[in-house]
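Please read the points below beside the sequence and the structure. They are set out by topic and may be taken in any order.

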Amino acid sequence: MILFARRKLPLPIPLQYLVCKAVLSPQPFQNPNPSPCAKTSPFSTQSSKFPEYEMPSVTWGVVQGRKERLVSRVIISDYLKSIGVIPNELEHLELPSTVEVMRGRVEFLQRLGLTVDDMNEYPLMLACSVRKNMIPVLGYLEKIGISRSKLGEFVRNYPQVLHASVVVELVPVIKFLRGLDVERHDIPYVLQRYPELLGFKLEGTMSTSVAYLVSIGVWPRDIGPMVTQYPYLLGMRVGTTIKPLVEYIISLGVPKRILCRMLEKRTYILGYDLEETVKPNVHTLLSFSVRLEALPSLIAQYPQILGLPVKAKLSTQQYFFSLKLKIDPEGFARALEKMPQIISLAQNVIMKPVDFLRGRAIPDEDVARMIVKCPQLLACSVVLMKNSYYFFKSEMKRPMKELFEFPEYFTYSLESRIKPRYHKLASKGIRCSLAWLLNCSDRRFEERLRADYIEEDTAGPSFLMGGKLEMPGSYLVSEQEDSDSDNEVLYRRTVSL
């Protein structure tokens, strides 16, 4: 009978012991199979040499038992209360094992410029690890151009960014903005104005708003500048915000092509509330005797009027025009149609050109008619008006009646248009009206000089609601102008954006 000696196998080592030893010991394991008789406390005193926040957060649940976690939570809550932070929202979140780690988070946020009030506004920022959350996110924001001095303000405005993943959430948004042709140096400006962009999904609102704008005729290359000017458009819903506003403005008679140009230059129009602001403003303009067919031209010239407190401004200006300029409400409405910017002109600015004209012994009623016919006079520089007037009286020696009939004379440059054209006519001995002399392009003026006869003055361009630009005497338009679309001619001639 053969007897086999039984070999004693080493006792199995608990996995929890190995994890604690690997995490808490500053030195690597020297003996992978320690004697089971060796007694080693899982709470090694050597771990105090390293900052607590550098330890992986997964170890808190391993190192501490349920009782220890409860004790630590109470201590941390007492600490937060002692500095003025209300920890109610942190009750169900994972917190660090020691108060020193939480104190480090608080001090880190305070060094950024955040206050206890900011922490109470969003206590969840205290649940973010300094090493695993805050430092990577803030480092990336600084890398893309947000200065370190502005990081605190950025976090204050959008503290949720501290929970974001740099690779999964932040980087794709920046790539999306660059794909829209937002310049690299403009990205910090865009994000600081609208930091919530970093929390959007690319396939959601941002993509649909851009796609809709391109579909109505906005040039894709202009999307980047539009986002830079008004980044909030990326957070607007097409069906409930952008599309209803666009369709309403088009229904007023503004051609889609002109509306797209308006949006490219004044993107913030998309932020006007349709029901609360835009529609009431349109109704107010109509109630002040603005003609329905004049609305498209008025809006195209001054899109901001859709978002201004129109009723209050119109009431004030209409009263001022009646009292000081002797212009009745009907005349005020006609002037407003031609130059809607008068709604925002300061009264002391308005009176300067008016006082100049009255100082030339022009009767008040004639001054009023000149302003109604050409309200742009109210925005002219008095110094330039004075020079043009003296040239009119001393060199051109024309009767004042011509100024009454063509007050637009004061809106043209004396040195670049009035003088050169007048001297050319004088050298040829041609006598003509001020409108024939000035109200045409340089090319058209040269064609007129080469002609064998002087054509009659023709009316300027008009804008008809819902239709194309009608040009009386269109047979006189040069080939280059005739080749352009009617809407584009309207934009070039009558819209100043």
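1. Burial. A residue is called buried when its relative accessible area is under 20%, exposed when it is over 50%, and partly exposed in between. With a relative accessibility of 0%, Met-226 therefore counts as buried. Met-226 sits in helix α11, which covers residues 223–229. Beyond neighbours within four places in sequence, the contacts of Met-226 are Leu-213, Val-218, Pro-231, Leu-233, Leu-263, Glu-264 and Thr-267. Between the C-alpha atoms of Met-226 and Arg-266 there are 8.2 Å, although the two residues are 40 apart along the chain.

2. Confidence. The model is a predicted one. The average pLDDT of the protein chain is 82, and 78% of the residues reach at least 70. For residues 1–63 the pLDDT is below 50, and that stretch has 47 contacts in the model beyond near neighbours in sequence. Residues 460–497 also have a pLDDT below 50; here the contacts beyond near neighbours in sequence number 62. I would ask that both stretches, residues 1–63 and residues 460–497, be named wherever the model is shown.

3. Gln-304. Arg-266 comes up again here. Gln-304 lies in the loop between α15 and α16, the latter being residues 310–324. Is Gln-304 buried or exposed? Its relative accessibility is 18%, so Gln-304 counts as buried; the cut-off for that class is under 20%. Outside the four places on either side in sequence, Gln-304 contacts Arg-266, Tyr-268 and Tyr-272.

4. Helix α3, length. Helix α3 runs over residues 66–82 and has 17 residues. At 1.5 Å a residue the expected span is 24 Å, and the end C-alpha atoms are 25 Å apart, so the two values agree. After α3 comes Gly-84, which has a positive phi, near 100°.

5. Helix α3, faces. Which residues of α3 are buried? They are Ser-72, Ile-76, Ser-77, Tyr-79 and Leu-80. Viewed down the helix axis, the buried residues of α3 fall within an arc of 160°, and they therefore line one face. These buried residues pack against α4, residues 99–112. Lys-67, Lys-81 and Ser-82 are exposed on the other side of α3.

6. Cysteines. The number of disulfides in the structure is zero. Cys-432 takes part in no disulfide, and the nearest cysteine sulfur to it belongs to Cys-440, 9.2 Å away. The cut-off for a disulfide is a pair of cysteine sulfur atoms within 2.5 Å. Cys-432 has a relative accessibility of 9% and so counts as buried. Cys-260 is likewise buried, at 1%.

7. Salt bridge between Glu-337 and Arg-291. There are 18 salt bridges in the structure. In one of them Glu-337 pairs with Arg-291, with 2.6 Å between the closest N and O atoms. Glu-337 belongs to helix α17 (residues 329–338), while Arg-291 is in the loop between α14 (274–287) and α15 (295–301); the pair therefore ties together parts that lie 46 residues apart in sequence. The relative accessible area of Glu-337 is 6%, so this residue is buried. Arg-291, at 39%, is partly exposed.

8. Salt bridge within α19. Asp-366 and Arg-369 form a salt bridge with an N to O distance of 2.3 Å. Both residues are in helix α19 (residues 364–373), three residues apart, or about one turn of the helix. Asp-366 is buried, with 13% relative accessible area, whereas Arg-369 is exposed, with 51%.

9. Network. Arg-291, Glu-330, Arg-334 and Glu-337 are joined into one network by salt bridges that share partners. The pair in point 7, Glu-337 and Arg-291, should be discussed together with that network.

10. Salt bridge between Arg-358 and Asp-364. The closest N and O atoms of this pair are 3.2 Å apart. Arg-358 has a relative accessibility of 23% and counts as partly exposed. Asp-364 is also partly exposed, with a relative accessible area of 32%.

Key. Residues are numbered from 1 along each chain as its sequence is written. This is a predicted model: local features need pLDDT of at least 70, side-chain atom pairs count only at pLDDT 80 or more; totals for chains, interfaces and linings use all residues. Side-chain values use heavy atoms; hydrogens and water are left out. pLDDT is the predictor's confidence in each residue, from 0 to 100. Contact means heavy atoms within 4.5 Å. Buried means under 20% relative accessible area, exposed over 50%, partly exposed in between (1.4 Å probe, protein chains only). A salt bridge is a side-chain nitrogen of Lys or Arg within 4 Å of a carboxyl oxygen of Asp or Glu. Helices (H or I, at least four residues) and strands (E, at least two) are DSSP runs, numbered from the N terminus. The expected span of a helix is 1.5 Å times one less than its number of residues. The arc is that of the directions from the helix axis to the C-beta atoms.
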